[in-house]
Number of protein chains: 2
Amino acid sequence: MAQRIGKRTLGLLNHPVITASAGVAGKKEGEGPLGKDFDYIFDDTTAGEKTWEKAESTIHKEAIIRAKEKSGKDFDEFQLIFAGDLLNQCVGSTFGLRDFGVPFAGVYGACSTMALGLCMAAVFVDSGAANACIASTSSHFCSAEKQFRFPVEYGSQRTPAAQWTVTGAGAAVVENEGKGICIEKVCFGRIMDLGVTDANNMGAAMAPAAFDTISAFFDDTGMSVDDLDMIVTGDLGFVGSRLLCEMFVDEKGIDISKKHCDCGIMIYNLDEQDVNSGGSGCGCSASVLCSHILKRMNSGELKRVLFTATGALMSPVSSMQGESIPGIAHSVLLVNRKEG
Amino acid sequence: MAQRIGKRTLGLLNHPVITASAGVAGKKEGEGPLGKDFDYIFDDTTAGEKTWEKAESTIHKEAIIRAKEKSGKDFDEFQLIFAGDLLNQCVGSTFGLRDFGVPFAGVYGACSTMALGLCMAAVFVDSGAANACIASTSSHFCSAEKQFRFPVEYGSQRTPAAQWTVTGAGAAVVENEGKGICIEKVCFGRIMDLGVTDANNMGAAMAPAAFDTISAFFDDTGMSVDDLDMIVTGDLGFVGSRLLCEMFVDEKGIDISKKHCDCGIMIYNLDEQDVNSGGSGCGCSASVLCSHILKRMNSGELKRVLFTATGALMSPVSSMQGESIPGIAHSVLLVNRKEG
């Protein structure tokens with residue numbers, strides 16, 4: 001049963017549990033600081049496929065299969081998969097999931113998709129609409145570059161604020177019982193548009209959305225930074241993360257910097273891996289959450305984590321037509337209840 | 001509280017209600033048989049905008065505003081909008097909804113989006129996660145032609161099985177109480193791919209998905225064709241509709257033809273409006289459901305309608321790469337409870 005807390009937060013009284021998860025990644029991500037935590041690293045980022053889009057589908061599929069295997073369930077025991085991605089018409093997901101025979105609820109949140117899918121899965125499981133669901137998403141550097149910027153073969157230059165799309169995917173199994181990390185609360189985001197038009201500075205476009213949702217979560221629940229072990233954003237990168245911390249100081253008088261991490265910063269070694277402002281893409285927060293962060297939570301090292309993935313809700317066409325970049329962020333409160 | 005019925009159907013025991021809805025459409029749709037039922041007709045299908053994408057956003061926005069006005073609620077009384085569309089990165093929705101300040105859960109089901117959004121909204125309201133939600137979607141002939149086929153200025157020829165993308169949008173307000181049409185049951189679809197590769201014959205690609213979901217609904221609930229006043233699909237068109245009826249005869253020995261209608265056939269005069277196999281697009285089933293069908297239900301003429309919108313889960317890129325077209329269909333059982 002969902003309990004509405006304040007204006008926007010939902011408390012999930014039946015405590016849906018992430019009983020299994022898997023994060024897979026590409027070669028570059030495997031060489032980064034979190035390499036050892038991924039469930040599988042595709043040293044060949046074509047994943048044996050002939051196109052980058054098919055490679056992304058294969059990587060997405062791999063994450064789901066690995067999470068499912070860990071859960072010990074068969075596909076016919078899942079009532080729904082909540083998935084989506086940034087490829088046009090979400091083909092990274094639809095072709096990745098095609099063979100599973102599990103009912104599919106497509107979700108779209110750009111790079112916030114992992115959090116959106118988890119919010120949905122948690123509400124469905126909590127309400128009894130499902131016993132077991134999967135939330136998943138993916139991205140691929142080459143399919144994203146080709147679609148959003150230039151084919152990689154062009155060797156185009158990148159600006160300092162630009163981010164590097166993660167080749168990777170994450171999948172989480174959400175169940176109504178079992179061992180794992182509880183989804184205690186969720187908070188859906190609003191579309192925030194402060195007029196940023198630089199498609200090479202997504203972090204700046206998305207930071208206001210992260211601020212809006214995390215602020216709403218604090219206001220609704222009465223929780224503070226001190227109640228959390230980590231506030232982890234999806235892919236604000238270096239520029240967007242600094243902006244988010246500044247907004248909390250300026251608008252709320254709160255210093256979140258000591259608890260704030262960003263998957264886009266964590267996944268690469270920013271000094272050595274030439275990724276400018278850090279990682280991005282649906283697969284960034286998905287692969288980091290479903291491997292590194294959930295591992296640290298399951299071990300008891302982290303007890304309460306506010307996972308807030310952000311998305312930029314534009315398209316190449318909208319940007320070419322002079323539109324600004326609306327952002328969104330969805331938050332999920334993850335708790336290791338066993339460890340208190 | 002959602003009650004799981006059989007393998008895939010959900011019974012919504014708290015009876016979420018569609019308290020208000022609005023369907024808007026373009027000039028051609030306004031000249032069709034349902035013209036008098038639309039809440040607004042854009043005689044100028046640019047909607048006063050400079051690009052087709054912005055026109056689609058404006059049309060989408062208009063449907064939401066009109067549904068909201070009818071509900072008598074302010075935007076801050078809605079907990080969520082479930083919306084999506086077929087433009088790359090769903091910009092018809094994200095830019096259409098940007099100003100409302102309502103939390104946004106993006107959904108992606110291609111042309112099945114209206115049914116997917118209604119399923120989601122119904123489960124959220126039924127479970128207490130929301131008191132009031134909106135489900136909406138849109139399509140525009142010119143933005144779709146430009147993105148999926150050719151810019152209309154090219155004047156390219158169409159094949160007989162091709163469909164005509166509806167310029168239109170629909171929005172439905174789903175609440176936990178009030179007068180209107182109940183959402184009694186929902187059934188989420190699986191991805192079905194029978195290997196159809198002709199992107200000019202979407203009806204054939206989607207018919208197996210409609211068959212799969214409607215069959216699951218009948219199997220789960222024990223209901224039959226005789227228990228329904230109408231089985232309405234989204235946009236199978238003439239070709240896909242005939243296939244669906246044939247599949248029911250061949251596989252199940254059931255004649256659904258006397259109860260089956262298709263929004264893509266209803267919205268145009270197929271003999272005179274030069275639309276080949278009929279209408280398509282997210283806005284097809286959305287505009288027809290949210291105006292014509294719900295009007296007939298509210299008047300008591302139709303008491304039990306199974307609304308099953310279908311989607312083709314491909315992209316122009318996947319088709320060019322030789323992939324087949326996966327289909328999906330989500331079903332919603334709508335009931336006028338007042339009229340028994």
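This is a guided tour of a predicted model, going from the two chains as a pair to selected helices and rings.

Residues are numbered from 1 along each chain as its sequence is written, and chains are lettered from A in the order in which they are written. In this predicted model local features need pLDDT of at least 70, side-chain atom pairs count only at pLDDT 80 or more, and totals for chains, interfaces and linings use all residues, while side-chain values use heavy atoms, with hydrogens and water left out.

**The two chains**

Begin by selecting chains A and B together: a turn of 180 degrees with a shift of 0.0 Å along the axis lays chain B on chain A with an RMSD of 0.0 Å, where the superposition is by least squares on the C-alpha atoms of residues with pLDDT of at least 70 in both. The two copies are thus related as by a two-fold rotation axis. Next pick Val107(B), whose C-alpha, at 2.1 Å, comes closest to the rotation axis among the residues of chain B. Of the interface residues of chain B, 100% are also interface residues in chain A, so the copies meet through the same surface.

**A ring pair between chains**

Now select Phe188(A) and Phe124(B), whose ring centres are 5.7 Å apart and whose planes lie at 65 degrees, so the pair is edge-to-face. Rings of Phe, Tyr and Trp (its six-membered ring) pair if their centres lie within 6.5 Å, and planes under 30 degrees apart count as stacked, over 60 as edge-to-face and the rest as tilted. Phe188(A) sits in the loop between β10 (181-187) and α6 of chain A, and Phe124(B) in helix α4 (residues 113-127) of chain B.

**Helices α4 and α9 of chain B**

Stay with α4(B) and add helix α9 (residues 282-298) of chain B, which packs against α4(B) at an angle of about 60 degrees with the axes 8 Å apart. Axes are lines fitted to C-alpha atoms, for helices over the stretch in contact, and angles run from 0 to 180 degrees between N-to-C directions. α4(B) and α9(B) are therefore oblique to each other (angles under 35 degrees count as roughly parallel, over 145 as roughly antiparallel, 65 to 115 as roughly perpendicular and the rest as oblique). The contact (heavy atoms within 4.5 Å) joins Thr113(B), Met114(B) and Leu118(B) of α4(B) to residues of α9(B) including Leu289(B) and Cys290(B).

**Helices α6 and α7 of chain A**

Finally, select helix α6 (residues 202-221) and helix α7 (residues 237-252) of chain A, whose axes come within 9 Å and cross at roughly 45 degrees. α6(A) and α7(A) are therefore oblique to each other.

Technical notes
Helices (H or I, at least four residues) and strands (E, at least two) are DSSP runs, numbered from the N terminus.
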